[in-house]
Every structure is written in C-alpha cells, then in structure tokens.
Amino acid sequence: MLDLDNRPLLKAESISVRFVLFNRRETIMSSDDRANRARASDLLARRIEINRSFSSGDFDGWLLERLAVKPGEHVLDVGCGTGAQSIPFAGMVGPGGSVSALDISAASIATLQSKIPAGSRVQAVASDMADLAGVIADTFTTKQYSLAQSSYALYYCDKHLHVLDVMRGALKPGGRCAIFTTNRPHGLVDLAARFSEIPPEVEGPLRFGPTVLKPYFENNFIRYDVQHFHNVVTVPSTDILIEFYRQTTYYDANAEEKIRAVVDDEVKRSGNYQYEKNGYLIIGFVGG
Ligand SMILES: C[S@@+](CC[C@H](N)C(=O)[O-])C[C@H]1O[C@@H](n2cnc3c(N)ncnc32)[C@H](O)[C@@H]1O
C-alpha cells in the first residue's frame with residue numbers, strides 16, 4: 001500500500017490508514033444509500049411525524065384545500081408513500097370516485113393498504129413511477145383521472161418528464177395535474193451546507209419547481225397556477241433536530257457535531273431552533 005506521497009507504508013501505518021478510510025466511507029452516503037433513504041417507509045413515517053409536530057403551517061390541510069377534490073372524482077397519486085394524500089382523497093371522493101396510488105416502496109404500500117377506509121375504492125400498487133404507463137394500462141382499474149397528483153416525490157425519479165407526460169396523458173378532459181415539491185429557502189439544508197457538501201440529489205429538488213416544473217407546465221397545459229407554501233419549523237431540542245437530520249438524504253456524520261454545537265447554542269439562547277422549510281405547488285389544467 002502507498003501513502004499519499006506514494007511512499008510504501010509500514011504495516012502498522014497501513015492498518016491505521018485503512019481503518020480511517022473505512023470509517024470515512026461509512027459516514028458518507030452513496031447515491032444508492034440516498035435513494036434507499038428516500039424510499040424507506042419507517043424513516044418517511046418519522047420525518048412526517050416530526051414535521052407535523054413542529055411546523056407552523058398545516059401542510060396537509062393547505063394542500064388538500066388547494067387540490068379541492070370533489071365527490072365522484074378519480075385521483076391518481078404518484079409516489080403516494082404511506083398515504084398522506086391518498087387516504088384523505090379516499091374520503092373526499094366518496095363511494096362514487098376512486099384513488100389509484102403507486103409507490104416504489106412495497107412497505108409503504110402495505111402501510112397504506114392497512115389504512116384504507118372500509119367501502120372506499122383505493123387501489124395501491126408497488127412500482128417504479130417510471131413504469132406508470134404500464135401500471136395504468138395493465139393494473140389500475142381506473143384509466144382516466146380528474147386529478148393526477150404527486151407530492152414530495154417526482155424529483156426522485158430520473159425520468160420525471162416522462163412521468164409527467166404519462167400523468168398528463170391520463171387526464172380526462174378538463175382534468176388537472178398537481179405537483180408539490182420542496183423549494184428554497186430551506187434552513188436545515190443551509191445549516192448543513194455550512195459543514196458538509198450538499199449532494200446534487202438534494203440541491204436539484206430544491207430548484208425543481210422553478211427550473212423543471214414551471215417550463216414544463218407552461219408548454220403543456222392550457223393554464224397553470226403556482227402557489228408557495230411558507231413554513232417555519234420550531235424544534236424544541238437539539239436531540240430532536242439531530243434525529244431529524246440523521247433521517248435526511250443529506251446527512252453527513254462528519255458534520256453532525258458541528259451542527260449540534262450551532263443548534264445547542266441557539267436552543268440555550270432562545271429555547272428552540274427555528275428554520276424555514278418551504279414548498280412549491282403547481283397545478284396545470286387540460287382543455288375541457
Ligand atoms: C417524501 S415521500 C412522499 C410520500 C407522500 N406523497 C407524502 O407526501 O407523504 C417520497 C416517496 O416517493 C417514493 N419514490 C421514490 N422514488 C420513486 C420511484 N422511482 N417511483 C415511485 N415512488 C418513488 C418513495 O418511496 C417515497 O414514498
């Protein structure tokens with residue numbers, strides 16, 4: 001083995017260098033680890049719980065009010081997770097409507113299925129959204145939708161423009177397509193960026209609304225609306241913030257102690273740590 005100056009290392013040095021390199025590799029997430037983390041059902045459930053507990057804005061209520069789902073409507077939910085939107089949709093569409101939900105995580109789909117209210121028409125399928133066209137053609141009973149929606153999910157798929165084409169193509173005349181995405185400014189990402197490199201898989205989604213969705217909607221719908229969700233997260237303790245940070249796709253163990261120190265100072269000074277976490281909703285309409 002060679003050292004950084006290409007000198008041969010003594011055996012003891014070699015062992016300690018290998019140990020350091022091994023530890024370093026353990027603390028830095030690969031793209032695959034990040035994708036797995038984005039899909040993990042248990043991490044998703046805990047992130048939702050923490051967000052709901054400490055956010056100034058009621059995201060679920062805000063989104064559902066804007067999507068204004070009516071009885072009898074047929075809804076497609078792409079990247080449905082454990083059902084944060086699908087389950088309320090099931091109640092809103094009533095027995096005359098339906099919800100077709102898809103997520104790549106089989107565990108999340110199983111959780112969603114366990115929550116489906118009796119008597120409602122919800123079909124939930126584990127599949128990659130890149131294969132949405134095939135799932136609509138071969139598996140979903142409903143083929144045409146009044147609303148096709150995806151929240152906090154579309155940017156995880158490399159083929160998001162193809163998925164948008166499929167969602168748009170599956171709309172009934174007069175139907176709407178709604179995509180919600182995270183958006184800048186994001187205080188926790190900004191804090192993490194002071195001590196670690198933020199991976200492109202995280203930076204991309206934070207600019208996804210204005211840079212990818214807006215041009216697509218401008219070119220492919222007869223009309224579209226953009227609405228901004230403003231939210232302040234107030235975390236009462238350093239441990240809770242660190243627990244949340246550990247479940248994010250931008251977690252870096254090398255940055256944890258530095259982040260802990262900054263948050264600790266602020267919690268001691270003002271009793272909590274606050275950061276902005278914003279969102280971007282775009283709704284496009286097709287001709288009637
Ligand atoms: C942050 S969660 C959002 C879930 C839900 N819409 C909500 O708001 O709670 C992102 C979801 O996208 C799913 N996902 C990621 N990549 C996907 C893909 N290629 N196809 C389908 N679902 C995917 C994950 O499994 C996860 O459930």
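Here is a quick tour of this protein chain, from its overall make-up to a few odd spots in the backbone. Keep in mind that the model is predicted. The chain has 12 helices and 8 strands, and 34% of its 288 residues count as buried. Looking at contacts between residues at least 6 apart in sequence, 75% join residues at least 24 apart.

**Around the ligand**
- The ligand has 21 residues around it, and Gly79, Gly81, Ala84, Ala153 and Tyr156 come nearest.
- Two elements, α2 (31-39) and α3 (41-54), give two or more residues to this shell.
- Sorted by chemistry, the shell has 12 nonpolar, 6 polar and 3 charged residues.

**The bent helix, α10**
- Helix α10 covers residues 200-220 and bends by about 70° at Phe208.
- A proline, Pro210, follows that bend within four residues.
- Buried residues in α10 include Val202, Leu206, Gly209 and Leu213.
- The buried part of α10 packs against β5 (171-186), α9 (187-193), β6 (223-229) and β8 (273-285).

**Backbone oddities**
- Strand β5 holds Pro185, and the peptide bond leading from Arg184 to Pro185 is cis, with omega near -5°.
- Ala68 isn't a glycine, yet its phi is positive, near 40°.
- You'll find Ala68 in the loop between α4 (59-67) and β1 (74-78).
- Ala68 counts as exposed because just 12 other C-beta atoms lie within 10 Å, and the cut-off for exposed is 12 or fewer.
- Tyr152 also has a positive phi, near 55°, and sits in the loop between β4 (145-151) and α8 (160-169).
- Tyr152 is buried, because 22 other C-beta atoms lie within 10 Å and 20 or more is enough to count.

How values were computed
Residues numbered from 1 in each chain as written. Predicted model: local features only at pLDDT ≥ 70, side-chain atom pairs only at ≥ 80, totals over all residues. Near = placed C-beta within 6 Å. Nonpolar A, V, L, I, M, F, W, Y, C, P; charged D, E, K, R; others polar. Contact = placed C-beta atoms within 7 Å. Bend = angle between axes of the 7 residues up to and from the residue.
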